[in-house]
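Hello,

Here is the structure I promised to hand over. My notes on what turned up in it follow below.

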Amino acid sequence: MIAIHPSILSADFANLAAELARIPSADAVHVDVMDNHFVPNLTLGLPVVEAIRAATSLPLDVHLMIDDADRWAPAYAELGAESVTFHVEAAAHPGRIARQLRSHGARAAMAVKPNTPLEPHLELISELDMLLIMTVEPGFGGQSFMDEMLAKVAAARRASDDLGGRVAVQVDGGINRETILRAAEAGADTFVAGSAVYSAADPDAAISGLRQLLE
Ligand code: DX5
Ligand code: ZN
């Protein structure tokens with residue numbers, strides 16, 4: 001199953017409710033939480049994610065680019081996010097975080113930055129519902145897809161397949177009409193797209209366009 005998750009990082013933050021209403025065919029809304037420590041950018045936190053939760057019936061895919069994931073991740077599951085992704089680089093006890101996320105009813109996901117190898121962290125995979133392979137350096141929308149990450153996407157796919165394909169493989173960064181095919185061929189099944197969706201005159205048509213490319 002293919003899933004398209006538009007990132008509201010590229011939406012108009014002063015009109016979030018209206019921006020959410022422009023993507024009815026999204027499989028989930030990707031919400032980028034940044035703290036200006038883990039990444040050199042600051043976006044939004046718990047109160048705004050709670051408001052987004054109330055403003056849409058779409059599932060929320062919360063991507064935490066914050067230090068001290070152990071402290072903060074469970075709260076995003078508690079407020080009703082469908083999935084919560086923490087960065088392994090910011091987690092002291094990743095297995096424990098994953099178990100807490102699941103105990104709050106969320107899907108548990110772990111992300112790796114471009115320079116972080118995946119293999120040493122795959123021992124956790126049985127506790128996870130999704131692996132996020134960053135295909136740009138996290139922090140900003142509108143960057144170019146890093147083709148060097150395709151091997152990591154393929155390794156994530158193999159690890160998931162070993163578990164019967166239960167674990168989704170997400171890519172985030174630089175996904176557009178050109179790069180989505182390469183990511184899919186490497187084994188990704190869940191695609192975050194920020195600028196490719198929200199820079200389009202009709203964001204929902206942009207989602208359909210990406211979906212059609214993969215059919
Ligand atoms: C970047 C964020 C992404 C961002 C992607 O750190 O994690 O979710 O919104 O934006 P695009 O699709 O424009 O690369
Ligand atoms: Zn993201």
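Strand β5 is covered on both faces. On one side Arg-107, Ala-109 and Ala-111 are buried, and on the other Ala-108, Met-110 and Val-112 are buried too. That makes six buried residues out of six. Bear in mind throughout that this is a predicted model.

β5 (residues 107-112) runs parallel to β4 (residues 83-87), and five bridges join the two strands. Two positions help to fix the register. Thr-85 has Ala-109 in β5 as its bridge partner. Ser-83 stands opposite Arg-107 in β5.

Both strands belong to an open sheet of eight, with parallel pairing. The order is β1-β8-β7-β6-β5-β4-β3-β2. β1 (3-6) and β2 (29-34) stand at the edges; each has a single partner strand, so one side of each lacks a neighbour in the sheet. From one strand to the next, the twist averages 20°.

Now the annotated positions. Which residues does UniProt mark as "active site"? The unreviewed entry gives Asp-32 and Asp-172. They span 141 residues in sequence, yet their C-alpha atoms are no more than 10.6 Å apart, so they gather at one spot.

Take Asp-32 first. Asp-32 lies in strand β2. Is Asp-32 buried or exposed? Asp-32 is buried, because 25 other C-beta atoms lie within 10 Å. Leaving out residues up to four places away in sequence, Asp-32 touches Ser-7, Leu-9, Thr-43, His-63 and Met-65.

Then Asp-172, which sits in strand β7. Asp-172 has 26 C-beta neighbours inside 10 Å and therefore counts as buried. Its contacts, neighbours within four places in sequence aside, are His-63, Leu-132, Met-134, Thr-135 and Val-192. His-63 thus appears in the contact lists of both Asp-32 and Asp-172.

The "binding site" feature comes from the unreviewed UniProt entry as well. The record places it at Ser-7, His-63, Gly-139, Phe-140, Gly-141, Gly-142, Asp-172, Gly-173, Gly-174, Gly-194 and Ser-195. Among these positions, Phe-140 is found in the loop between β6 and α5. Phe-140 has 15 C-beta neighbours inside 10 Å, so it counts as partly exposed.

Next, helix α5 itself. α5 covers residues 150-162, which is 13 residues. From first C-alpha to last, α5 reaches 18 Å, close to the 18 Å expected at 1.5 Å a residue. Which residues of α5 are buried? They are Leu-150, Lys-152, Val-153, Ala-156 and Ser-160. Seen down the axis of α5, these buried residues fall within an arc of 155°, so they line one face of the helix. An α-helix has 3.6 residues a turn, so residues three or four places apart point the same way.

What covers the buried residues of α5? The cover includes β6 (130-134), β7 (168-172) and α6 (179-186). On the other side of α5, Ala-151, Arg-158 and Asp-162 are exposed. Just after α5, Gly-164 takes a positive phi of about 80°.

One last position, away from the annotated ones. Ser-57 is found in the loop between α2 (46-55) and β3 (60-65). Ser-57 counts as exposed because it has 8 C-beta neighbours inside 10 Å. Ser-57 and Pro-24 are 33 residues apart along the chain, and their C-alpha atoms are separated by 9.2 Å.

Best wishes

Notes: Residues numbered from 1 in each chain as written. Chains lettered and ligands numbered in written order. Predicted model: local features only at pLDDT ≥ 70, side-chain atom pairs only at ≥ 80, totals over all residues. Helix = DSSP H or I, 4+ residues; strand = E, 2+ residues; numbered from the N terminus. Expected span 1.5 Å × (residues − 1). Buried ≥ 20, exposed ≤ 12 C-beta atoms within 10 Å, placed from the backbone. Arc of directions from axis to C-beta. Contact = placed C-beta atoms within 7 Å. UniProt positions renumbered as here; feature names shortened; annotations may be inferred. Pairing = 2+ DSSP bridges. Axes fitted to C-alpha atoms, helices over the stretch in contact; angles between N-to-C directions.
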